[in-house]
Amino acid sequence: MSEHFRVQGGARLVGEVSVVGAKNSVLKLMAAALLAEGTTTLTNCPEILDVPLMADVLRGLGCEVSIDHDEVTIVSPAMPNHRADFASMSKLRASVCVLGPLVARCRKAVVALPGGDAIGSRPLDMHQNGLRQLGATTGIEHGCVVAEAENLTGAQIWLDFPSVGATENILMAAVLADGTTVIDNAAREPEIIDICVMLQQMGAKIEGAGTSTLTVHGVQSLQPTEHRVIGDRIVGATWALAAAMTRGDITVLGVDPGHLNLVLEKLRTAGAEVTTVEQPRQGFRVVMDGRPKAVDFVTLPYPGFATDNQPFAVALAAVAEGTSMITENVFEARFRFVEEMMRMGADARTDGHHCVVRGVEKLSGAPVWASDIRAGAGLVLAGLCAEGVTEVWDVFHIDRGYPQFIENLQRLGADVQRVSAPPER
Ligand code: UD1
């Protein structure tokens with residue numbers, strides 16, 4: 001039975017919401033467990049579908065994986081199986097991050113090309129080039145990336161673009177290579193710092209985490225560890241934008257506000273009052289009294305405005321006072337959802353990398369279809385500000401990224417339900 005979210009617009013969201021570990025971190029940390037024989041434990045893991053899917057990928061490689069609420073335990077074998085099959089890999093994009101650890105541990109990897117969100121072409125050329133520079137041969141054969149190396153040797157690697165996935169794969173291969181690897185133009189996302197912290201706890205020698213030059217001194221072997229996953233800054237941003245759009249008052253806990261500097265600054269420009277909450281319950285509070293003012297957004301690798309937050313920026317612009325320009329620089333097909341928002345009365349035009357949005361006083365509820373996780377969440381945000389009922393279909397996308405989404409929205413005062421019924425189109 002297909003499910004949708006039924007969103008009755010109009011409520012002002014007020015209250016406190018806790019954010020758990022980042023989807024885009026936990027999946028890579030699970031893959032990193034392949035690098036050391038023995039038991040790795042991850043805590044603060046989000047209870048989302050992608051975690052059991054990644055667990056299946058690891059089981060196929062010979063690991064024992066158990067999931068107990070927010071704790072994931074992975075027992076990695078002395079020698080993992082080097083083949084990750086299509087059945088499990090095709091279900092999530094992040095599964096490609098087993099490539100680096102497998103090459104490092106087994107000196108061979110056959111990894112089916114992954115599935116994932118429909119947000120544009122997602123080539124693996126930088127992942128492969130990096131592995132080649134470390135001494136591996138790689139190519140695509142029968143729908144799989146095949147990589148092989150007798151020895152991995154440290155190298156100087158310049159990335160054409162600070163790709164998150166390529167940085168992670170090359171890093172996870174380099175930690176067990178002979179000698180020193182320097183990755184220049186590396187991604188600087190907080191999730192990269194998180195994986196570096198975990199690898200360091202495992203015995204890896206890494207310098208420059210969080211900067212665009214990562215220096216890795218290879219070691220012979222790594223030990224398993226216990227690690228707490230960092231809070232999800234994209235989920236945090238979703239709640240921040242929800243507060244601003246519904247003229248609400250939300251305190252978001254469990255995420256480092258420093259990871260959302262640009263998002264919070266944009267919301268201040270839009271008219272929100274933003275304060276940060278200090279340790280131990282780290283987070284921030286967003287209060288908005290009037291209608292948000294139009295703000296421009298440009299997506300870029302971190303510390304730029306995250307491409308994952310772009311649908312929320314379009315949703316904000318759709319109800320803001322004035323005209324906003326949103327520029328997408330990371331994924332070429334990430335404006336697909338805009339058509340759905342236009343169904344709700346958004347006055348938006350896209351042209352290549354740009355989307356011009358003239359804010360309207362009120363959107364109007366309509367049936368809409370989520371094309372990926374963040375697009376789906378953006379449509380829910382728009383529905384919260386629409387007159388009448390919005391039905392958001394294909395919510396399995398949203399479930400992949402947002403633990404307890406409906407329950408959290410309800411706690412904040414939104415009139416939303418998960419409904420099981422066939423679509424009427
Ligand atoms: C990760 C995140 C995703 C986020 C993105 C950018 C996960 C599971 N996903 O995706 O949510 O939107 O970072 O912050 O962590 N590219 C190439 N060749 C390559 C690799 C990438 O051309 O070999 C291009 C991509 O097509 C894209 C850009 O580089 O245009 C950025 O991609 P990348 O940073 O690699 O994103 P992902 O790691 O796939």
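This report describes aromatic pairs, unusual backbone geometry and a charged surface patch in one structure. The model is predicted.

**Aromatic pairs**

The structure holds five aromatic pairs. One of them joins Trp-239 and Phe-405, which form a tilted pair with 5.6 Å centre to centre and 45° between the planes. Trp-239 belongs to helix H8 (residues 233-245) and Phe-405 to helix H14 (residues 405-411), so this pair ties together parts that are 166 residues apart in sequence. Another pair is made by Phe-297 and Phe-305; the ring centres are 4.7 Å apart and the planes stand at 50°, so this pair is also tilted.

Are the rings of these two pairs buried or exposed? Trp-239 has a relative accessibility of 2% and counts as buried. Phe-405 is likewise buried, at 3%. In the other pair, Phe-297 is buried with a relative accessible area of 3%, and Phe-305 is buried with a relative accessible area of 3%. Trp-239 and Phe-405 also belong to one aromatic cluster, together with Phe-5 and Tyr-402.

**Backbone geometry**

A cis peptide bond links Tyr-302 to Pro-303, with omega at about 10°. Pro-303 sits in the loop that runs between strand E18 (297-298) and helix H10 (310-319).

Two residues with positive phi also lie in loops. His-142 is not a glycine, yet its phi is positive, at about 50°. His-142 is placed between strand E8 (137-141) and strand E9 (144-148), in the connecting loop. Asp-394 has a positive phi near 60° and is likewise a residue other than glycine. The loop that holds Asp-394 lies between strand E25 (389-393) and helix H13 (396-399).

**The negative patch**

Which residues form the negative surface patch? The patch consists of Glu-47, Asp-68, Asp-70, Glu-71 and Glu-226. Asp-70 is located in the loop between strand E4 (64-68) and strand E5 (71-76). With a relative accessible area of 32%, Asp-70 is partly exposed. A patch residue must have over 30% relative accessible area, and the 32% of Asp-70 satisfies that cut-off.

**Accessibility of three loop residues**

The table lists the relative accessible area of loop residues named above.

| Residue | Relative accessible area | Class |
|---|---|---|
| Asp-70 | 32% | partly exposed |
| His-142 | 81% | exposed |
| Asp-394 | 26% | partly exposed |

The class of His-142 follows from the cut-off: exposed means over 50% relative accessible area, and His-142 has 81%. Asp-394, at 26%, counts as partly exposed because that class lies between under 20% and over 50%.

Methods. Residues numbered from 1 in each chain as written. Predicted model: local features only at pLDDT ≥ 70, side-chain atom pairs only at ≥ 80, totals over all residues. Heavy atoms only, no water. Patch = residues over 30% accessible without salt bridge, like charges linked within 9 Å, V, L, I, M, F, W, Y side chains within 5 Å. Areas by Shrake-Rupley, 256 points an atom, 1.4 Å probe, with all protein chains shown as cover. Salt bridge = Lys/Arg side-chain N within 4 Å of Asp/Glu carboxyl O. Lys, Arg positive; Asp, Glu negative; His and termini not counted. Charge placed at Lys NZ, Arg CZ, Asp CG, Glu CD. Helix = DSSP H or I, 4+ residues; strand = E, 2+ residues; numbered from the N terminus. Buried < 20%, exposed > 50% of the residue type's maximum accessible area, 1.4 Å probe, protein only. Phe/Tyr/Trp six-rings, centres within 6.5 Å; stacked < 30°, edge-to-face > 60°.
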